[in-house]
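Colleague: I am new to this structure, and I would like to understand how its descriptive labels are justified. Could you take me through them one by one?

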Amino acid sequence: MKRKFFTLWQYIRWPLLILCSVYTGLVVYRIPAVIQKRQTQGAVVVIHVQRITLDDAMGKRLPFEPSPETRDATIAGVDVNNNGIRDDVELTLFKKYPNSVQVRAAELQYALTEQMFLTRVSNTETWKAVSEENARAQLCIIDNHTNRKEVEDLVFNTAARVKAREKAYDFITSYGPEPGEPCDISNS
């Protein structure tokens, strides 16, 4: 009986070892893809959750004017109050619309989503999420009868930022509208 088991083991050990090695190799090969997928899912959630608040629109946490050296030193720019909108863009919108919270809120919301094209897009799924939020912000801009071009000119004010936006569009895909209200801060 021992001899039969030993003979059987001689025949199945190499195929079994190869099968286990292939399985282990496939598992190790898939680890980066699984990690990437989880990171993307987390990034998409962050994109859909990030909103401007009434405090943002009211200017309760307005930053100081960034220095000219730091303002355009990076693609992301300076965002001291960490609301997702570059400080120079935020301050410009407050100066331009000191008496209209609704217009300011709509333009801040649009600036936030435009900035996401520079800072949050890393693949097709994140591009889609940013585009869905951007579509909402564009509807909010239309609802408040304001001009999205002026916000785009503020956000994409350097050649590096324009190039980064174009690079984000390498991930373009189709999508449908997100359900819900277009404006983060409503007129009511």
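**Burial, charge pairs and links**

Modeller: At 1% relative accessibility, R86 counts as buried, and I should add at once that the model is a predicted one.

Colleague: What makes R86 count as buried?

Modeller: The label applies under 20% relative accessible area, and R86 has 1%, so R86 counts as buried.

Colleague: How do you know that D88 forms a salt bridge with R86?

Modeller: A salt bridge needs a side-chain nitrogen of Lys or Arg within 4 Å of a carboxyl oxygen of Asp or Glu. The closest N and O atoms of D88 and R86 are 3.0 Å apart, which is within that cut-off, so the pair is called a salt bridge. In general, side chains of opposite charge can pair when their charged atoms come close.

Colleague: Is D88 itself buried or exposed, and where in the chain does D88 lie?

Modeller: D88 lies in helix α4, residues 87-96, and with a relative accessible area of 9% D88 is buried, because buried means under 20%. Leaving aside neighbours within four places in sequence, D88 is in contact with E65, P66, R71, D72 and N157.

Colleague: What makes the pairs of R71 with E65 and of R71 with D72 salt bridges?

Modeller: The side chains of R71 and E65 meet at 3.8 Å, N to O, and those of R71 and D72 meet at 3.9 Å, N to O; the limit is 4 Å, so both pairs qualify as salt bridges. R71 counts as partly exposed at 24% relative accessibility, E65 as partly exposed at 43%, and D72 as partly exposed at 33%, because that label covers values between 20% and 50%. The structure holds 15 salt bridges.

Colleague: How do you know that C140 and C183 form a disulfide?

Modeller: Their sulfur atoms are 2.1 Å apart, and a disulfide is a pair of cysteine sulfur atoms within 2.5 Å, so C140 and C183 are called a disulfide. The structure holds one disulfide. The pair links distant parts of the chain, with C140 in helix α6 (residues 124-143) and C183 in the segment after α8 (159-168), 43 residues apart. With 110° about the S-S bond, the link of C140 and C183 is right-handed.

Colleague: Why are C140 and C183 called buried?

Modeller: C140 has a relative accessible area of 2% and C183 has 14%; buried means under 20%, so the label fits both residues. C20, by contrast, has a relative accessible area of 44% and is therefore partly exposed.

Colleague: What makes the contact between C140 and the side chain of N144 a polar one?

Modeller: The backbone oxygen of C140 lies 2.9 Å from a polar atom of the N144 side chain, and a polar contact is a pair of N or O atoms within 3.5 Å, so the distance satisfies the cut-off. N144 is found in the loop between α6 and α7, and N144 is buried, with a relative accessible area of 10%.

Colleague: Is H145 buried or exposed, and what is noteworthy about its phi?

Modeller: H145 is found in the loop between α6 and α7 and has a relative accessible area of 74%; exposed means over 50%, so H145 is exposed. H145 has a positive phi of about 50° although it is not a glycine. Most residues other than glycine have a negative phi. N82 also has a positive phi, about 55°, without being a glycine; N82 lies in the loop between α3 (68-71) and α4 and counts as exposed at 65% relative accessibility.

Colleague: How do you know that N147 caps the N-terminal end of α7?

Modeller: A side-chain oxygen of N147 lies 2.8 Å from the backbone nitrogen of K149, and the polar-contact limit is 3.5 Å, so the distance is within the cut-off. The buried residues of helix α7 (residues 148-155) are E150, V151, E152 and V155, and they pack against α4, α5 (101-119) and α8.

Colleague: Why is I185 called buried?

Modeller: I185, found in the segment after α8, has 12% relative accessibility, and under 20% means buried, so I185 counts as buried. Leaving aside neighbours within four places in sequence, I185 is in contact with I52, T53, L54, A57, Q102 and A105.

Methods:
Residues are numbered from 1 along each chain as its sequence is written. This is a predicted model: local features need pLDDT of at least 70, side-chain atom pairs count only at pLDDT 80 or more; totals for chains, interfaces and linings use all residues. Side-chain values use heavy atoms; hydrogens and water are left out. Helices (H or I, at least four residues) and strands (E, at least two) are DSSP runs, numbered from the N terminus. Buried means under 20% relative accessible area, exposed over 50%, partly exposed in between (1.4 Å probe, protein chains only). Contact means heavy atoms within 4.5 Å. A polar contact is a pair of N or O atoms within 3.5 Å; within protein, one must be able to donate a hydrogen and the other to accept it, and residues adjacent in sequence count only if both atoms are side-chain atoms.
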